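Me: I would like to go through the terms used for this structure and see how each value stands against its definition.

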Amino acid sequence: MKLIKLLEGIKHEVISGDIEIDVSDIAYDSRKVVENGLFLAYSGSSVDGHDYINDAIALGAVAVIVEKDVDVSGNITIIKVANSKKILSKLSQNLFGYPQEKMTTVAITGTKGKTTTSFMIKKILEEAGNKCGLIGTTGVYIGEKFYPLKNTTPEAYDTLKYMKEMVDDGINYMVMEVSSQALKYDRVNDLVFDYGIFTNLTQDHIGENEHSSMEDYIESKAKLFNQCNYGIFNIDDSHFYDMVSGGDSTINTYGYDDRADLRVSKMNLLREKEFIGIEMELKGIIDDTIKVSTPGKFSSYNAMAAIMTCLMLGIDKKYIKKALSNFSVKGRVEDVKVSKDFTLLIDYAHNGVSTESILSTMREYNPKRIVTIFGCGGNRSRDRRYEMGEMAGKYSDYCIITEDNNRFEDFEDIAKDILVGIGKTNCEYTIIPDRKDAIKYAIKNGQKGDIIMLIGKGHEDYKEIKGIRYPFDERVIIKEILEELKKEK
């Protein structure tokens with residue numbers, strides 16, 4: 001594509017060279033520059049791309065976009081802009097032909113519930129015969145193809161590239177988790193979504209490497225609703241008005257509040273045979289009863305967001321009911337069948353807040369015991385270990401402390417911190433360092449009516465120790481354990 005075409009709609013200054021040249025691709029990482037490529041240099045928090053311009057040229061860059069004065073020799077086209085990172089989305093849209101306009105797009109933001117809600121919408125749409133792509137915490141799903149991600153929301157170039165692949169694959173709907181970091185640091189800059197969903201907001205991402213204050217967190221989240229046409233909001237959340245006050249989208253609401261456009265008038269917890277979930281009586285834009293095969297009140301909020309979105313998309317409620325009655329998402333209160341006597345659930349809960357939320361929810365199902373298997377990540381806040389230990393001990397009858405992603409710390413040191421939290425409770429516990437051994441112990445000693453909670457890793461398929469990631473998918477591990485237990489009988 002001609003460089004001048006890539007620059008359409010972008011205010012720029014030509015410092016040197018020719019903007020009529022052909023450009024093969026865009027790279028914002030100098031190591032990924034290709035022959036005849038365009039290198040976008042910007043000043044990051046720890047790395048300045050301007051320091052790597054000569055490396056990019058050596059790899060074949062014929063043009064460079066900068067945001068400050070540089071001294072570059074050779075026949076290279078130099079373009080200067082006010083903010084390099086802010087234009088990455090527009091550049092990528094020009095390169096990939098605005099793929100977002102060729103699909104119906106749904107963006108989801110909030111502290112909790114983004115992943116589950118996105119998969120609920122995806123399943124409902126596919127149940128109705130549509131093709132739906134997804135970008136989020138667990139990766140990118142395009143038909144049968146899957147791509148892992150480092151961040152919940154990738155950089156703008158990667159997002160647009162995945163969208164282009166979805167369009168080429170005949171996909172007509174795309175659901176995307178949009179993190180507060182992505183909104184704050186312009187990863188979805190200039191993208192307009194058809195629908196935007198707000199799930200909830202809690203003080204979970206305030207810290208040195210995330211948001212400086214709750215105000216900053218709120219402001220970042222609220223940006224989404226200036227970038228979508230239809231807003232779908234949890235009216236029960238304390239930050240509902242923060243989200244709707246400055247947005248340009250329409251306001252459509254769900255929740256338990258009588259003012260909600262879609263509301264739950266009654267909810268029952270269900271645990272029968274091999275089903276654990278909820279039943280909701282809905283009022284408002286539809287009057288119906290719907291079963292959801294994920295447990296807890298928080299599941300009703302995820303389901304309401306998905307239901308309302310799909311109803312606004314014109315999906316028949318028969319597809320909604322069928323999809324949600326047989327729904328699961330990897331690592332999010334995921335029911336793994338191991339016994340008719342007790343339930344084993346895998347969940348991503350990995351801090352005090354999420355541990356309290358999931359375990360207090362499971363307590364409402366009146367299990368004989370809650371047995372919680374967990375650890376904490378190494379090279380992370382020690383406060384998280386104290387809090388997670390305390391919440392696990394508070395809501396569990398028995399805890400099994402084991403490894404998580406120890407990273408560069410010794411398990412014994414992590415376990416000591418966890419015990420500080422558990423020590424504030426009366427919960428019985430044991431320490432089994434090897435995670436597979438811990439899971440095997442819990443299954444082998446499971447009692448009728450138990451709920452075994454395997455928390456902390458969720459969708460992850462590895463464990464990280466001393467800088468090495470070893471394969472460790474808990475679903476695969478459980479299958480191995482069940483085979484071993486058969487042989488031991």
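Reply: Buried means under 20% relative accessible area, exposed means over 50%, and partly exposed lies in between, with a 1.4 Å probe and protein chains only. This is a predicted model, in which local features need pLDDT of at least 70 and side-chain atom pairs pLDDT 80 or more, while totals for chains, interfaces and linings use all residues. Residues are numbered from 1 along each chain as its sequence is written, and side-chain values use heavy atoms, with hydrogens and water left out.

Me: What makes H9 mostly covered?

Reply: Of the 16 residues of H9, 12 are buried, among them Tyr301, Met304, Ile307, Met308 and Cys310. Across the chain, buried residues make up 54% of the 489 residues.

Me: How do you know that the reach of helix H9 is close to the expected one?

Reply: Helices are DSSP runs of H or I with at least four residues, strands are runs of E with at least two, and both are numbered from the N terminus. The expected span is 1.5 Å times one less than the number of residues; for H9, residues 297-312, that gives 22 Å, and the helix reaches 23 Å from its first C-alpha to its last.

Me: Why is the chain called as compact as a globular protein of that length?

Reply: The chain, with its 15 helices and 24 strands, has a radius of gyration of 24 Å, close to the 23 Å of the globule rule for 489 residues, so the description holds. That radius is taken over C-alpha atoms, and the rule is 2.2 Å times the number of residues to the power 0.38.
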